[in-house]
Amino acid sequence: MPIAKPPAMSRHVWKSQGRTLSRTYQRTDLLQGIHLAASLPLFVGTLTLVVQVMARLEVIPSMEFSLSWALFGGACFLSGLVGMLVQRGRVLDGDTRTLTDWWGLARPMLRDVLSLAKAGAVEITRESKVHKGRHGPRLVEDVYEVHLRVSNRSLLVDRFLDDPEEARWTAEGVSRLLGSDFRDKTVSPPVLKKSRELDESLGQRYLRTGRLVPKPRRPSACRLRCLESPEGLEVRIPRANLANPWKPVGSALGMALFLLLLLVFVWQESWGFSVPTALVVGGLMEARATWSSWQARRLTETLRLTRQALRVESTLYGNHEIPLRELEDLVLRDVRGDKAQREVQIERFFPVGVLCARSDRGQACFGGALGLEELHYLQALLVERIVELSRPV
């Protein structure tokens, strides 16, 4: 079966044009610092020049024009404008097999070129970082990094915050251009592919390689309802009631009561001002936690697998449909690491994680309410049926 041509990556931060991938960075710590430092002289210079122009045109008779102040304003304006135009980018060229870092004013001026002649596999890894505000809830940020093996060392191509799909699209683009092996180590089982296999469907890959299809073993305490039909398979994941949405509400009321007593007896505020203020502040502090608890409580999902497509209907992730000829991977994304730190994130309620059906056009996630044995069973069941439905009629 011929492999379909991959779609252009125009909707992503890395842009595909011919045999190159490029990205102009808009948000990095260094660029943000440069632009922040440049914004003040730009503002001061603009204000000074406006005032001096008004004085020159005698808009305000009492204001006198000053050449020194005009020169000062012009210098501030130009220096701030130069700082705001500073940009940075990267270009990966598949023909010359080079990675170029550039700096410039709206366009490349300084370049640092690295040879990728000895480039090996491209890998995706994940690192979790815990953030805790002084008075706010804790949350976990998952940083997905794309690395390229070059001459026995690891080169960081890019990193993405809480965006595994952007990392995968970028890594696949690098793999296509360089002919490098693709490795995604952030999911289970790890995805290991040759560059020529990137756009091959999951079912066709099993049929071509002759790999053993996993045998689904239904757990003794399995809540899945599987319904067979002439069209295919329907799987219903019932409501699991993962969380108690009233628990955060209790915390919010406690916070509101504490703030109310503080306003009335310490700061001597009136009851008319203190009561609504305490309720609003307490509610806002717990709103995110309450919303994620409610989402976890009402989570239900239905999967429909036919010879044409896999359709997922989820109260959390919405409705998605992936044609079987485009479905490339069915993997488990484990979120158990640092789960206790995800105080306002719905993932803290998941027993294990979610299954992800992935294609070049997007992904469909499901199974957050299931335990590990149930997830493995559902994964094996879907893979078995996908391979069966992918056989020639």
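Is E123 buried or exposed? With a relative accessible area of 10%, E123 is buried. The structure is a predicted model, and this report takes up its salt bridges, two of its helices, a surface patch, its cysteines and some backbone features.

**Salt bridges**

The count of salt bridges comes to 30. One of them joins E123 to K185, with the closest N and O atoms 3.5 Å apart. This pair links distant parts of the chain, since E123 belongs to strand β6 (residues 119-132) and K185 to the loop between β9 and β10, 62 residues apart. In contrast to buried E123, K185 is partly exposed, with a relative accessible area of 48%.

A further salt bridge brings together the side chains of R358 and D184, at 3.0 Å from N to O. Here too distant parts of the chain are linked: R358 lies in strand β17 (residues 353-359) and D184 in strand β9, 174 residues apart. R358 is buried, with a relative accessible area of 1%, and D184 is buried as well, at 2%. Elsewhere, salt bridges with shared partners join E165, R168, E172, R176, D199 and D360 into one network.

Within that network, the side chains of E165 and R168 meet at 2.7 Å, N to O. Both residues lie in helix α3, three residues apart, about one turn of the helix. An α-helix has 3.6 residues a turn, so residues three or four places apart point the same way. E165 and R168 are both buried.

The three pairs described above are set out below.

| Salt bridge | N to O distance |
|---|---|
| E123 and K185 | 3.5 Å |
| E165 and R168 | 2.7 Å |
| R358 and D184 | 3.0 Å |

**Helices α3 and α7**

Helix α3 covers residues 164-178, 15 residues in all, and reaches 21 Å from its first C-alpha to its last, close to the 21 Å expected at 1.5 Å a residue. Of the 15 residues of α3, 14 are buried, so the helix is largely enclosed by the rest of the structure. Just after α3, G179 takes a positive phi of about 70°.

E166 also has its place in helix α3, and its relative accessible area of 8% makes it buried. Leaving aside residues up to four places away in sequence, E166 touches H12, V13, W14 and F160. The C-alpha atoms of E166 and H12 are separated by 7.1 Å, although the two residues are 154 residues apart along the chain.

Helix α7 (residues 372-390) has 19 residues, and the reach from its first C-alpha to its last is 27 Å, close to the 27 Å expected at 1.5 Å a residue. This helix is mostly covered, with 15 of its 19 residues buried.

**A nonpolar surface patch**

L253, L257, L261, F265, V266, W267, W271, V275 and L279 form a nonpolar patch on the surface, and together they have about 950 Å² of accessible area. Helices α5 (246-266) and α6 (271-297) each supply at least two residues of this patch. The most is given by α5, with five residues. L257, which lies in α5, counts as partly exposed at 49% relative accessibility.

**Cysteines**

How many disulfides does a search of the whole structure find? The search finds zero. The sulfur of C222 is 6.7 Å from the closest cysteine sulfur, that of C226, which is too far for a bond. C356 is likewise in no disulfide, the nearest cysteine sulfur being that of C365, 3.4 Å away. Because a disulfide requires sulfur atoms within 2.5 Å, the separation of 3.4 Å does not qualify. Both C222 and C356 are buried, C222 with a relative accessible area of 16% and C356 with 0%.

**Backbone features**

Most residues other than glycine have a negative phi, and most peptide bonds are trans. R97 has a positive phi, near 50°, and is found in the loop between β3 (86-93) and β4 (98-105). R97 counts as partly exposed, at 23% relative accessibility. N152, which is not a glycine, has a positive phi of about 65°. This residue lies in the loop between β7 (138-150) and β8 (153-161), where N152 is exposed, with a relative accessible area of 77%.

The peptide bond from S188 to P189 is cis, with omega near -5°. P189 lies in the loop between β9 (182-184) and β10 (191-193), and K185 of the salt bridge with E123 is also in the loop between these strands.

Conventions
Residues numbered from 1 in each chain as written. Predicted model: local features only at pLDDT ≥ 70, side-chain atom pairs only at ≥ 80, totals over all residues. Heavy atoms only, no water. Buried < 20%, exposed > 50% of the residue type's maximum accessible area, 1.4 Å probe, protein only. Helix = DSSP H or I, 4+ residues; strand = E, 2+ residues; numbered from the N terminus. Expected span 1.5 Å × (residues − 1). Patch = residues over 30% accessible without salt bridge, like charges linked within 9 Å, V, L, I, M, F, W, Y side chains within 5 Å. Areas by Shrake-Rupley, 256 points an atom, 1.4 Å probe, with all protein chains shown as cover. Salt bridge = Lys/Arg side-chain N within 4 Å of Asp/Glu carboxyl O. Contact = heavy atoms within 4.5 Å.
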